[in-house]
Amino acid sequence: MIESDRELSAMVQELWDNDINRLKPGKDYRISLQGKAGDSMAINDNNDGAGYPLFTFVDENIFKKETFLAFISLLDNYESDAGEPEIVTPEEVAENHKFLDSIIQTPTMKIAHKYLVEKHLSPEDETQFKEQLYRIWFELYARRGSSRPDSSGFEHVFVGETRGGRTVIGFHNWIQLYLQEKLGHIDYKGYSVNANSPQPDENKHILALQFSWKNGIKPKGSIFIGVSPEFEFALYTLCFLTSPNERVKVQFSFYDVEIVCHHYNQKHIGTTYPVLLRYQNPE
């Protein structure tokens, strides 16, 4: 493991250890993996490896916590079709700021901020740091094929978008997945594994899966499950700012993970998500 990855792993482990709002599998939520998803991009029932929803239970009291509440309020602020320009209202801007205000006070974000200041990658001043986060995550840009600002890092990663109405892009967040599934907009098709990835585990926090959303299909998506919004936000911001590489390997808790983090013009997050490489053997 290269030195920079080792240092980042230590940071991610610290974020993980301090993620006080993380849910416990089997207690705060339960998922039902069912079968393996087919390889096809087609939306049909022949390659549906799951007849039931992914989530069998989530303790929704968790969603009353400040950061979860602020996060959930952002999920309905976007036009899902990439290519449709986003209209950002003053209310939505205020909601974005409220979300940043709430997560910046959490242990995970404080740890990430301190580290980024030490590395001269973020301003020490909290207001300026918030401005940096706003630019990285919420500033709009034009995605491929669009001439007008139609996307943002936050929308792509946490909310999800559709391209051409048939393909789901982004959408790497379990809270959005759960809420959309509950509304009947998601059809979980099964988990994804390849020769190099371990079998998924209902009691672990990372899952690759296939699902359809609205009229589009996500042939393979990878997400953290049960973690807090602030953990993901801190982790992805850390990877974006510390690593010019688009794939960073980190080890923490039970996981060897590759964090994919594509930059957009070096200013914004294009996409970012975890890829599970293997489970670490418990010591």
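Over the ring of which residue does the charged end of Arg22 sit? In this predicted model, the ring belongs to Trp16, and the charged end of Arg22 lies 3.8 Å from its centre. A second pairing of this kind involves Lys204, which is placed over the face of Phe254 at 5.1 Å from the ring centre. Rings also meet one another here, and the structure contains 29 aromatic pairs.

Aromatic residues turn up again in the interior. In soluble globular proteins, nonpolar side chains tend to be buried together. The largest nonpolar core of this model is made up of 79 residues. Within this core, the residues with the most contacts are Phe99, Trp137, Phe138, Phe154, Trp174 and Phe233. Helix α8, which spans residues 229-242, gives the most to the core, supplying 9 residues. Phe233 is a good place to pause and look around. With its neighbours within four places in sequence left aside, Phe233 touches Phe99, Leu100, Ile103, Met109, Leu133, Trp137, Phe138, Phe154 and Phe158.

One of these partners of Phe233, Met109, leads to another helix. Met109 is among the buried residues of α4, together with Thr108, Ile111, Ala112, His113, Tyr115, Leu116 and Val117. Helix α4 itself runs over residues 107-118, 12 residues in total. From its first C-alpha to its last, α4 reaches 17 Å, close to the 16 Å expected at 1.5 Å a residue. Just beyond the end of α4 comes His120, with a positive phi of about 60°.

What about the cysteines? A disulfide is a covalent bond between the sulfur atoms of two cysteines. The structure has 0 disulfides. Cys239 takes part in none, and its nearest cysteine sulfur, belonging to Cys261, is 6.2 Å away. Seen from the other side, Cys261 is likewise in no disulfide, its nearest cysteine sulfur being that of Cys239 at 6.2 Å. The distance of 6.2 Å explains the result for Cys239 and Cys261, because a disulfide needs sulfur atoms within 2.5 Å. Cys239 counts as buried because its relative accessibility is 1%, and Cys261 counts as buried because its relative accessibility is also 1%.

Asn196 offers a view of the outside. This residue is found in the loop between β5 (186-191) and β6 (206-213). Its relative accessibility is 67%, so Asn196 counts as exposed. Along the chain, Asn196 and Leu276 are 80 residues apart, yet in space their C-alpha atoms are 9.4 Å apart.

Key
Residues are numbered from 1 along each chain as its sequence is written. This is a predicted model: local features need pLDDT of at least 70, side-chain atom pairs count only at pLDDT 80 or more; totals for chains, interfaces and linings use all residues. Side-chain values use heavy atoms; hydrogens and water are left out. Buried means under 20% relative accessible area, exposed over 50%, partly exposed in between (1.4 Å probe, protein chains only). Helices (H or I, at least four residues) and strands (E, at least two) are DSSP runs, numbered from the N terminus. The expected span of a helix is 1.5 Å times one less than its number of residues. A nonpolar core is a set of buried Ala, Val, Leu, Ile, Met, Phe, Trp, Tyr and Cys residues joined through side-chain atoms within 4.5 Å. Contact means heavy atoms within 4.5 Å. Rings of Phe, Tyr and Trp (its six-membered ring) pair if their centres lie within 6.5 Å; planes under 30 degrees apart count as stacked, over 60 as edge-to-face and the rest as tilted. A charge sits over a ring if NZ of Lys or CZ of Arg is within 6 Å of the ring centre and within 35 degrees of the ring normal.
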